[in-house]
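Visitor: I'd like a quick walk through the pockets and the ligand site of this one. Can you put it on screen, and then we'll talk?

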Amino acid sequence: MRIYAVKNYEEMSRKAANIVSAQVILKPDCVLGLATGSTPEGLYKQLKDWYQKGDLDFAQVKSVNLDEYRGLSPENEQSYHYYMKKHLFSGINIKAENTHLPNGMAEDEAAECMRYDNVVKRMGGVDLQILGLGGNGHIGFNEPCENFAKGTHCVHLTESTIAANARFFDDPEKVPEYAFSVGIRTIMMAKKILLVVSGKGKADALHKTLFGPINPRVPSSILQLHPDVIIVADEEALSQIDRSDDKSGDIYFC
Ligand code: GLP
């Protein structure tokens, strides 16, 4: 595990965008695993800027998103389809047919989960998976639970996640209770994982991610078992991390 310790959100966004750019330059037809939430917004903005300057080309890139709210159509401004269009896809030359998200409007839950797992499989796996971190340690919408979920599943969101995401909705009552999310197995099968973390509100979750017991009650703790994780985190997010906590010497601080 490598941790890039940066000062603030701006530096985190730029460093993370550099890592994604390197992936796109080294493998122009790579598969990017994409995340939503406020944390990667700055990273996506930076990628758009570099694309517009002519430094990046997404013509052959394929993408697969982690999750989508159940019951929200792509036109709904709070859907992750809408988010991706707004924050990334509309500003780069990725082909619409190469971008994938779960269908939040699917009526047959099991069929949609199977369809989405097959989408990921057909792509041959994810080269670089971008992840944000929920305050409770969720990744994608894999909420704390008794067992790590394997494939795509429909999740009943926890009250804390609904409350945290209510800030994006004009009416907090409208936050969906359910979402489709890829499973932990899918995330763990990515060749490389880039976790971006910013702010004090994530400090406890980040500490548990790195040093807590590997436990589905903190889903992000499973990342300790992945062979190639890069974390870009700012000072506030790292405020509970003491380098001497790394007894195993597994973590390389950059
Ligand atoms: C949502 C998303 C996650 C994201 C998390 C953190 O629940 N499904 O993929 O990582 O929120 O969001 P934020 O970055 O806004 O704190």
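Visitor: How do the residues of the lining of the largest pocket divide into nonpolar, polar and charged?
Guide: Keep in mind as we go that this is a predicted model. The pocket holds about 750 Å³ of space, and 37 residues line it. By class, that lining divides into 13 nonpolar, 18 polar and six charged residues.

Visitor: Which residues are the closest to the centre of the largest pocket?
Guide: The lining is a list of 37 residues, so let's go straight to the middle, taking a lining residue to be one with an atom within 4 Å of a pocket point. The ones closest to the centre are G37, S38, N165, R167 and F168.

Visitor: Which element gives the largest share of the lining of the largest pocket?
Guide: Three elements give two or more residues each: β4 (67-69), α3 (80-87) and α5 (159-165). With five residues, the largest share comes from α3.

Visitor: Where does the ligand sit?
Guide: Start with its surroundings: 14 residues surround the ligand, and the closest are S38, T39, D67, R167 and K202. S38 and R167 are also listed among the residues closest to the centre of the largest pocket. The ligand does indeed sit in the largest pocket.

Visitor: What is the distance from an oxygen atom of the ligand to an N or O atom in the side chain of T39?
Guide: There are a few polar pairs to look at here. A polar side-chain atom of N165 lies 3.2 Å from a ligand oxygen, and one of S38 lies 2.7 Å from a ligand oxygen. For T39, the distance is 2.4 Å.

Visitor: How much of the ligand's accessible area does the protein cover?
Guide: On its own, the ligand has 390 Å² of accessible area. The shell around it is made of three nonpolar, eight polar and three charged residues. The share of that area covered by the protein is 95%.

Visitor: Which element supplies the largest share of the lining of the second largest pocket?
Guide: This pocket has a volume of about 270 Å³. Of its 14 lining residues, the closest to the centre are H81, K85, F89, A96 and T99, and the lining divides into seven nonpolar, four polar and three charged. Both α3 and β5 (99-100) supply at least two residues. The largest share, three residues, comes from α3.

Visitor: How many charged residues are in the lining of the largest cavity?
Guide: A search of the whole structure turns up one cavity of 30 Å³ or more, with a volume of about 30 Å³. Its lining is V64, N65, L66, V120, V126, Q129, V182 and T186. Five of these are nonpolar and three are polar, and the number of charged residues is none.

Technical notes. Residues are numbered from 1 along each chain as its sequence is written. This is a predicted model: local features need pLDDT of at least 70, side-chain atom pairs count only at pLDDT 80 or more; totals for chains, interfaces and linings use all residues. Side-chain values use heavy atoms; hydrogens and water are left out. On a 1 Å grid over the protein atoms alone, a cavity is a set of points where a 1.4 Å probe fits but cannot get out, and a pocket is an open set with protein on both sides within 12 Å along at least five of seven lines; lining residues have an atom within 4 Å of a point. Grid points are joined across faces, edges and corners, and a volume is the space filled by probe spheres set on the points. Helices (H or I, at least four residues) and strands (E, at least two) are DSSP runs, numbered from the N terminus. Ala, Val, Leu, Ile, Met, Phe, Trp, Tyr, Cys and Pro count as nonpolar, Asp, Glu, Lys and Arg as charged, and the others, Gly among them, as polar. A residue is near a molecule or strand if one of its heavy atoms lies within 4 Å of it. A polar contact is a pair of N or O atoms within 3.5 Å; within protein, one must be able to donate a hydrogen and the other to accept it, and residues adjacent in sequence count only if both atoms are side-chain atoms. Accessible areas come from the Shrake-Rupley method with a 1.4 Å probe; for residues, only the protein chains shown count as cover. A molecule sits in a cavity or pocket if more than half of its atoms lie within 2 Å of its grid points.
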